[in-house]
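Please read the following report beside the sequence and the three-dimensional view. The text moves from single residues to a pair of rings and then to a pocket.

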Amino acid sequence: MNTRPKTPEEKRYRKFQMTDLIRQTLDAEEVSSFDFYGRRKDNPHVIETRQKICFMLQERGFSTPEIGEMIERDHTTVMYNIKQYKQRMKKENNGTQSSST
């Protein structure tokens, strides 16, 4: 289900959806938009939040080029962020399961 919007209205609505999800997640994670859109790589919480947002947007049907354009990154960087998020979640879930047995 990777259909690109055809009309300007659809494009604006998709951009609004992305912006809203990003804003809500940044608020919940207490990350500033300055840090989120910035280029620094020394804050693990910001990096993890960026990875989470990329994953969430992809899960909602946005393409990696669309996400990349929105967060000012190349689509391959978006793909890497999603991969890292999935690996971290798998590792955390494995840790949770083994500690509960």
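What follows describes a predicted model, taking two residues of one helix, then an aromatic pair, and then a pocket.

**Two residues of helix H4**

Helix H4 covers residues 64-71, and threonine 64 has its place in this helix, as does isoleucine 67. Threonine 64 has a relative accessibility of 13% and therefore counts as buried, since the cut-off for that class is under 20%. Isoleucine 67, for its part, is at 0% relative accessibility and so is buried too.

Which residues does threonine 64 contact, once its neighbours within four places in sequence are left aside? They are Gln58, His75, Val78, Met79 and Ile82. For isoleucine 67, with residues up to four places away in sequence not counted, the residues touched are Met18, Cys54, Leu57, Gln58, Phe62 and Val78. Gln58 and Val78 thus appear in the contacts of both threonine 64 and isoleucine 67. A further distance places isoleucine 67 relative to phenylalanine 55, which lies 12 residues away along the chain: their C-alpha atoms are separated by 9.7 Å.

The accessibility values of four residues treated in this report are set out below.

| Residue | Relative accessibility | Class |
|---|---|---|
| Threonine 64 | 13% | buried |
| Isoleucine 67 | 0% | buried |
| Phenylalanine 36 | 1% | buried |
| Tyrosine 37 | 26% | partly exposed |

**An aromatic pair and a charge over a ring**

The count of aromatic pairs in the model comes to 2. Phenylalanine 36 and tyrosine 37 form an aromatic pair, with ring centres 4.9 Å apart and an angle of 85° between the planes, and the arrangement is edge-to-face, because planes over 60 degrees apart are placed in that class. Within this pair phenylalanine 36 is buried, at 1% relative accessibility, whereas tyrosine 37 is partly exposed, at 26%. The ring of phenylalanine 36 also has the charged end of arginine 50 sitting over it, at 5.8 Å from the ring centre.

**The second largest pocket**

Arg50 is also one of the residues lining the second largest pocket, which holds about 220 Å³ of space. Helix H3 (44-59) and helix H5 (75-99) are the elements that each give two or more residues to this lining. Besides Arg50, the lining consists of Gly38, Arg39, Arg40, Lys41, Ile47, Gln51, Arg73, Thr77, Tyr80 and Asn81. What is the make-up of this lining by class? It has 5 charged, 4 polar and 2 nonpolar residues.

Note on methods: Residues numbered from 1 in each chain as written. Predicted model: local features only at pLDDT ≥ 70, side-chain atom pairs only at ≥ 80, totals over all residues. Heavy atoms only, no water. Helix = DSSP H or I, 4+ residues; strand = E, 2+ residues; numbered from the N terminus. Buried < 20%, exposed > 50% of the residue type's maximum accessible area, 1.4 Å probe, protein only. Contact = heavy atoms within 4.5 Å. 1 Å grid on protein atoms, 1.4 Å probe; cavity = no way out; pocket = protein on both sides within 12 Å on 5 of 7 lines; lining within 4 Å. Points joined across faces, edges and corners; volume = space filled by probe spheres on them. Nonpolar A, V, L, I, M, F, W, Y, C, P; charged D, E, K, R; others polar. Phe/Tyr/Trp six-rings, centres within 6.5 Å; stacked < 30°, edge-to-face > 60°. Lys NZ or Arg CZ within 6 Å of the ring centre and 35° of its normal.
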